[in-house]
Structure formats: structure tokens, C-alpha cells
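Hello,

Here is the structure you were waiting for. My notes on what was found in it follow below; please read them with the coordinates open.

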Amino acid sequence: MTTSTALLLADLTGVAVFAASGASAAVAKRLDLFGVVFVGFVAALGGGIVRDLVIDEVPPLAFADWRYAVTAAVTAAAVFWLHPQFARLRTTVLVLDAAGLGLFTVTGTLKALDAQVPAVGACLIGMLTAIGGGLGRDLLTAEIPIVLRREIYAVAALAGSVAVAVLDAYGHANAAWLTVAAAFVFAVRLVSLRRRWSAPVPALHPPHPGG
Amino acid sequence: MTTSTALLLADLTGVAVFAASGASAAVAKRLDLFGVVFVGFVAALGGGIVRDLVIDEVPPLAFADWRYAVTAAVTAAAVFWLHPQFARLRTTVLVLDAAGLGLFTVTGTLKALDAQVPAVGACLIGMLTAIGGGLGRDLLTAEIPIVLRREIYAVAALAGSVAVAVLDAYGHANAAWLTVAAAFVFAVRLVSLRRRWSAPVPALHPPHPGG
Amino acid sequence: MTTSTALLLADLTGVAVFAASGASAAVAKRLDLFGVVFVGFVAALGGGIVRDLVIDEVPPLAFADWRYAVTAAVTAAAVFWLHPQFARLRTTVLVLDAAGLGLFTVTGTLKALDAQVPAVGACLIGMLTAIGGGLGRDLLTAEIPIVLRREIYAVAALAGSVAVAVLDAYGHANAAWLTVAAAFVFAVRLVSLRRRWSAPVPALHPPHPGG
């Protein structure tokens, strides 16, 4: 198996995982088959579409390579039909979702750097690639976006994209180090889930008179 | 009347119809004049703007040709002032909305194919062109998007865009056949409205212990 | 100080002001530190990102120039930590927000005209630049978008962008006149806030039988 085949397989795994997360959310809202597939599609491919628009790689990969759309649609439809069994796999899904977060962070940041975006912008684009799909999923299903909730999610992606930018700046953006970066995001997300880490919240203050 | 004039008139008819649907939704939410025009603009031109961004036709037609924005704004303003009379035309609006769905499906898919997007991606873009405006309208007015509800709407558009891609692949993408494709989407949407067809919904299962 | 330095400073002031408005809204919703920074980022840079995508200036300035993202993030984080003091500055924020509205209207319209967008489209793009960030902020925090509420906000931006397009058409788009246009938007917004001006709302009619 060549490196590019491995990368494609890894990418499609990320698509499938995020499609499953979107489809599960849509099933929970009792949407119909099309709604489930649509939300799955947005969750799996939304982040990448925004990334490709921002770095001017058009048409976005989600439309240019049929394997992406088909992977997302088939996975979401499978969740629709299998959701009772799938519900028992909730832990598996959270783990796979964390893996997808790591993967999309790395590939998104790399693509932005390849498109000559400066480092700070490339980190933001990498993070958006990883969190964009979940944001679309939550807006469509009328939930407060996961990235705005009190969990370590986008911060893990941002840390990973900074790591990728640093590796790239020092010429170490090879397969081994990039795998380490993806694994780092994966691990931070999983540990924070288990330990219920969260970012700080605003301090509560007594209301001001007249406020 | 030349073919391209006919196409422009048909396109602007679609814009007017979707602007009317957006403006009606905004009037129902008691938005002010500007809000009504803004939602009408998004409903009429949102799908086409996304399509043009994805196929890199910039600036999007909605900004490049003033007739599109003016048609949308004038129609939405007319709905604002005439809405009591308009309310009695509800059936007419649903029929025109179905006509717009058929038209935008065909033109969106064709434009994507012309921009060298592969067939699967072009079908998705055609569908998004047709449903994107309604999606924006529903997000702005805090409704569950129509495409996620239990109706045949986006599926009709997707079927139509597949038909256009097949016609194009076999060299039959001429005016007569494309009109048939638009009429097909139109008919499927209307019949499903009348017969209350819908896509399947998730099966209900008893809750699992500990779930 | 050169003109372009002045312009950059003015632009970053607008970014900071809108970041503060987004961060304040996020603090009010009790989001965590990352959520506050994220909403601030969207409010400050969302309108400009859409503008740059539509006129094909990619990657958008928000990603291409690190000073934009850093200004937005630092301002939002400052609001997070200082929000009790900040709350007392509510009037100041409204004034600065109106200043940002005027500034982004002028720069957005000018950039669209420079990118050869026709006048009507350029006015729409200028208005979207000014109101887009606030729209994203309100969607993320599940509020009815301010532009849809009964206030003079987007209309002030639209009037300003028309003024810029007229100045440009007659060759008077110089610093002095553009400052007047920005000040005009600023003044209209402030006066309408103070006098509670609003756009007309739909007339109430008795319900129709069977409606």
C-alpha cells in the first residue's frame, strides 16, 4: 500500500466517522432518511468544503471526488437502518470521532500550508476543517454547537494544528511526525472526555445596581 | 425571443418565486421591511451564491448581474405590502415554489457540469442550488429546515439532477429534455405534497436498559 | 503615519470592536473561554471572510494576515476576563460598534468595486461585510439576528455603500469623502438608536376565516 493510498483510506475513515456522528444526531431528532443522510453529509464534508473554498481549491474535494460523498451517504444510511445496534457503540463513536478530529486537523493544516497560507491562518483553517462539520451538524439540528460547550474539543484541534505548523516550519512534516500530531489531538480529546476537563467559564459576579 | 432570453426569464421567475417564499416566511415572523427583503434575498439567491462559490464563478451571478438582486428585492417588498392578498394565494405559491425547485435543479446541475465538476459532485451541487435558499430562509427565521422535514423536497431535486447528469452524459442535454427534467421535479414535488408522501423515518424501538 | 498605515489601524479597530461585541454576547450566554474567543472571531472576521470569498481574494485577509486573527482573539479574551468592568461600558461599545459598521461598509464596498464587481453587487457586498459578522454571532448564540430586528442597522450600511459606489462612479472615492461616508453610516446608526427609529413592520390584519 502506497503512502497516498494510506492517506486516502485514512481520510475516508474520517469522513465515515463524522458522517456516523451526524447521522446519529439526526436519528435522535427523528429526522427522515433524507434528513439523516443530509446531516451526515454536512458533518462529514462541511469542514473540508469550507477549507477548500478558503484556500481556493475548487471544486472542493467533496464534489470533485465521488468517493467522499458516497462514503458519507452510505455510512449515514447505515446508521439510519442500524441505529439500535449503533446506540450500543456510543463509546466507539466517541473514540472514532476523536480520531477524525486528529486526522482532519492534520490534513487541513497541511493543505492550507501547501496553498501558501501563512502559519497563523493555516492553523485556524486546520482547526476549522476539524470542527466545521460538527458546527454544521449542530446548527442543522438546533443544538448549541459542541465547540461552544464546556469541553476540550476545538482547543485540542488548535493545539494539533500549531504542532503541524511548527513541524512544517522546521522541515519535519513527514508521515511519522504527522501521525504523532494526529495522535496527540486524539489523546487530548479522549483524556479530556474521560476526566471532564473543560476550558474556564466566566466568573459569576453579583449584578450591578441598575445593570 | 432567443433561447438565452428565455433562460434568463425562467431564471428570474425562479428568483421571484423563492423571494416570495422567503418574504412570506419573514412576514409570518413579523419582521420589519428590511428583514423581509433580506430573508427574501437569501431565499432567492442563497442557493445560487453557494453554487457559484463552489464552482469558482466569482463574483456570483447574484452580485454580478443587478437584475437578480433587484428582482428578489422588489418581489419581497411587494409581498411585504400585499401580504394579506398574498396569503390567499398560498396554493399558487406552493405550485410556483415547486416550479422554482425544478428550474434551479436543472440550471444548477448544468452549470456545475459546464464547470467540469464530475457527475456525482454536479448532482449534489444542483440539489444544493435548489434547496440552499430555503435552507438559509429557515435558519434565519429559526425554523427546522424544510429539507429536514418529512416531505419529498430535496429528494425530488436530487432525482432531477441525476436525470440532468445522465442526459448530459449521453449528449441529450438540449432544451426539450431539460424542460422534461424540470417538469419531472415539479410534478414529483406537487404529487408528493398532495398525497403527503414522505421519506421513511427511523423505526421506534423500546429503550435499551442502561441506554 | 502613511495612509495605508492609517487604513490598517482603522481596520484593526473595527475588528477589535466587533470582536468585543461578539465576546460580550458569548459571555452573556455563559460560554467558556474558547467559545467566547470563537464567537468574537466570527463576529470580527466573518463578514470580511464572506466578502473575500465572494470577490475571490483567497485566502481571505483574516487568514492571510495574522494581525487580524490575533487582534480578534486578544480582544475577545480581554472581554472574557474583564467583562464586569466591560459591562459598564455598554454605551461605549454601542458607539464603537456603530463606528465599525461605518468602517466595514466603506472598505467592503471599495474592495468589491476594486475587484470589478458591478455597482449594485458591490453595494450588497459592502453591506454584507458590515453585517455578516453580527449575523454569524447571533446564529451561534441562538439569537434572532440583529439585522432582522426592528432597528436601523443594515439599512444604514446599505445607504453608506450606495454613497461609496456613487463617489467611486464620479471619481471622488478619496480619503476625505470616504471618511464622510463612514461618518454618515455611524451617525445614522447612532441617531436611530437614540430616537428608536425603525423600519416599517407588516400591518396587522384580522385573520381571514379559514386562514
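Within chain A, the residue that comes closest to the rotation axis is A:Leu53, with its C-alpha at 4.2 Å. Please keep in mind that this is a predicted model. The axis in question comes from superposing the copies: a turn of 120 degrees with a shift of 0.0 Å along the axis lays chain A on chain C, and the RMSD is 0.0 Å.

The other pair gives a matching description. Chain C goes onto chain B with an RMSD of 0.0 Å, again by a turn of 120 degrees and a shift of 0.0 Å along the axis. A three-fold axis is what has this relation. In chain C, the C-alpha nearest the axis belongs to C:Leu53, at 4.2 Å.

Which surfaces do the copies use to meet? They meet through different ones, because only 10% of the interface residues of chain A are also interface residues in chain C. For the contact between chains C and B the figure is given likewise: 10% of the contact residues of chain C recur in chain B.

Now to the interface of chain C and chain B itself. Chain C puts 30 residues into the contact and chain B puts in 26. Together the two chains bury about 2,400 Å², and 74% of that lies on carbon and sulfur atoms. If you are looking for charged pairs, there are zero salt bridges between chain C and chain B. Polar contacts come out at zero residue pairs as well, counting pairs with both residues at pLDDT 80 or more.

Which elements of chain C give two or more residues to the side that touches chain B? They are α2 (33-54), α6 (119-140) and α7 (154-169). Of these, α6(C) gives the most, with nine residues. Sorted by class, this side of chain C has 23 nonpolar residues, three polar ones and four charged ones.

Last, the annotation. The UniProt record, an unreviewed entry, carries "domain: Glycine transporter" on chain A for residues 9-83 and 95-167. In the model, residues 9-83 of chain A are 85% helix and 0% strand. The C-alpha atoms at the two ends of that span lie 24 Å apart.

Regards

Definitions and conventions
Residues are numbered from 1 along each chain as its sequence is written. Chains are lettered from A and ligands numbered from 1 in the order in which they are written. This is a predicted model: local features need pLDDT of at least 70, side-chain atom pairs count only at pLDDT 80 or more; totals for chains, interfaces and linings use all residues. Side-chain values use heavy atoms; hydrogens and water are left out. UniProt positions are given in the numbering used here, feature names are shortened, and annotations may be inferred rather than shown by experiment. Helices (H or I, at least four residues) and strands (E, at least two) are DSSP runs, numbered from the N terminus. Contact means heavy atoms within 4.5 Å. Buried area is the accessible area (1.4 Å probe) that two parts lose on being put together, summed over both. A salt bridge is a side-chain nitrogen of Lys or Arg within 4 Å of a carboxyl oxygen of Asp or Glu. A polar contact is a pair of N or O atoms within 3.5 Å; within protein, one must be able to donate a hydrogen and the other to accept it, and residues adjacent in sequence count only if both atoms are side-chain atoms. Ala, Val, Leu, Ile, Met, Phe, Trp, Tyr, Cys and Pro count as nonpolar, Asp, Glu, Lys and Arg as charged, and the others, Gly among them, as polar. Copies are superposed by least squares on the C-alpha atoms of residues with pLDDT of at least 70 in both.
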